[in-house]
Amino acid sequence: MSRTREPLISLALYHAFKWSVVSPMLHAYFRGRIYGVENVPQSGPLVVVSNHASYFDPPIVSNCVCRPVAYMAKEELFDVPVLAQAIKLYGAYPVSRGSADRNAIRAALEYLEQGWAVGVFLEGTRTPDGKIHDPKRGALLLAAKAKAPILPVCLWGSDQILQKGSSLPRRVPLTVRIGNLIDAPSSTNKEELEQITQKCAAVINQMHDLGR
């Protein structure tokens with residue numbers, strides 16, 4: 001039987017990390033602006049799709065939608081004691097890099113079945129300008145299988161956080177825009193998935209064009 005909310009311990013860990021680390025950094029250091037929070041359903045399965053330009057994007061997205069978002073993480077992290085348990089509670093699930101990992105897809109569907117929001121970067125990798133150029137259908141396949149609505153999210157400015165050769169985040173302004181919900185695909189038909197994938201990419205890129 002599906003649940004409508006994440007486990008209480010995961011919610012507690014999420015809020016502790018959000019209010020002690022992510023939110024203060026987003027607002028005080030990056031002078032973050034957030035638009036569209038009212039569009040986020042606070043319970044039930046949800047597929048969050050966004051652009052991706054920085055390692056900072058997953059916690060920023062999760063912070064701004066006001067609920068934990070489960071993301072894939074490289075499988076090596078799950079071999080580290082204590083860390084593995086912490087990131088699992090926060091919603092991370094392992095993926096084998098460089099391959100189409102069916103176990104990761106299965107894990108994402110299990111999270112959705114348990115009432116989590118699952119985050120997917122629509123292009124599958126970081127882009128240098130923060131825009132989506134070649135969106136992939138994987139997120140929409142998850143949404144179709146789980147019958148979960150899709151929430152488009154746009155990060156503006158995160159591509160400037162880290163400069164090449166530097167490990168220190170720059171103090172750049174960030175803006176996060178959350179779009180309107182998009183209904184789950186009615187089937188796993190390739191053409192339908194492609195059509196809605198392109199729609200998601202267009203919505204995110206349009207929000208990105210709004211700038212700060």
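A residue counts as buried when its relative accessible area is under 20%, as exposed when that area is over 50%, and as partly exposed in between. Keep that in mind for R31: its relative accessible area is 33%, so R31 is partly exposed. The model you're looking at is a predicted one.

**The overall picture**

Let's start with the big view. The protein has 6 helices and 8 strands, and if you walk along the sequence they come in the pattern α-β-β-α-β-β-α-β-α-β-α-β-β-α. The radius of gyration is 16 Å, close to the 17 Å that the globule rule gives for 212 residues, so the protein is as compact as a globular protein of that length. Measure out the C-alpha trace along its principal axes and you get about 45 × 40 × 35 Å.

How much of the protein is buried? Of the 212 residues, 46% are. As for contacts with a separation of 6 or more, 74% of them link residues 24 or more positions apart. On the outside, the accessible surface adds up to about 10800 Å², and carbon and sulfur atoms own 57% of that. There are 24 positive and 18 negative side chains, with the centres of the two sets 5 Å apart.

**Two bends in the backbone**

Now back to R31, which sits in the loop between α1 (8-29) and β1 (33-35). R31 isn't a glycine, yet its phi is positive, at about 50°. K147 does something along those lines too: this residue is also no glycine, and its phi is positive at about 55°. You'll find K147 just after α5, in the loop between α5 and β7. Is K147 buried or exposed? With a relative accessible area of 68%, K147 is exposed.

**Helix α5 and its cover**

Step back from K147 into helix α5, residues 138-146, and you meet a set of buried residues: A139, L140, L142, A143 and A144. In general, an α-helix has 3.6 residues a turn, so residues three or four places apart point the same way. What covers the buried residues of α5? The cover includes the strands β2 (46-50), β6 (117-121) and β7 (150-156), along with the helices α4 (102-113) and α6 (190-209).

**Cysteines without partners**

Searching the whole structure for disulfides turns up 0. C154 is in none, and the nearest cysteine sulfur to it, in C64, is 11 Å away. Why is C200 not bonded to its closest cysteine? The closest cysteine sulfur to that of C200 belongs to C154 and is 13 Å away, which is too far for a bond. Both C154 and C200 are buried.

**A buried arginine**

R177 belongs to strand β8, residues 175-178. At 14% relative accessibility, R177 counts as buried, because the cut-off is under 20%. Setting aside neighbours within four places in sequence, R177 is in contact with Y35, P152, V153, C154, M207, L210, G211 and R212. So one of the contacts of R177 is C154, the cysteine from the section above. R177 and V65 are 112 residues apart along the chain, and their C-alpha atoms are separated by 9.9 Å.

Here are the residues from this tour side by side:

| Residue | Relative accessible area | Class |
|---|---|---|
| C200 | 0% | buried |
| C154 | 1% | buried |
| R177 | 14% | buried |
| R31 | 33% | partly exposed |
| K147 | 68% | exposed |

Key
Residues numbered from 1 in each chain as written. Predicted model: local features only at pLDDT ≥ 70, side-chain atom pairs only at ≥ 80, totals over all residues. Heavy atoms only, no water. Helix = DSSP H or I, 4+ residues; strand = E, 2+ residues; numbered from the N terminus. Rg over C-alpha atoms; globule rule 2.2 N^0.38 Å. Buried < 20%, exposed > 50% of the residue type's maximum accessible area, 1.4 Å probe, protein only. Contact = heavy atoms within 4.5 Å. Areas by Shrake-Rupley, 256 points an atom, 1.4 Å probe, with all protein chains shown as cover. Lys, Arg positive; Asp, Glu negative; His and termini not counted. Charge placed at Lys NZ, Arg CZ, Asp CG, Glu CD. Disulfide = S-S within 2.5 Å.
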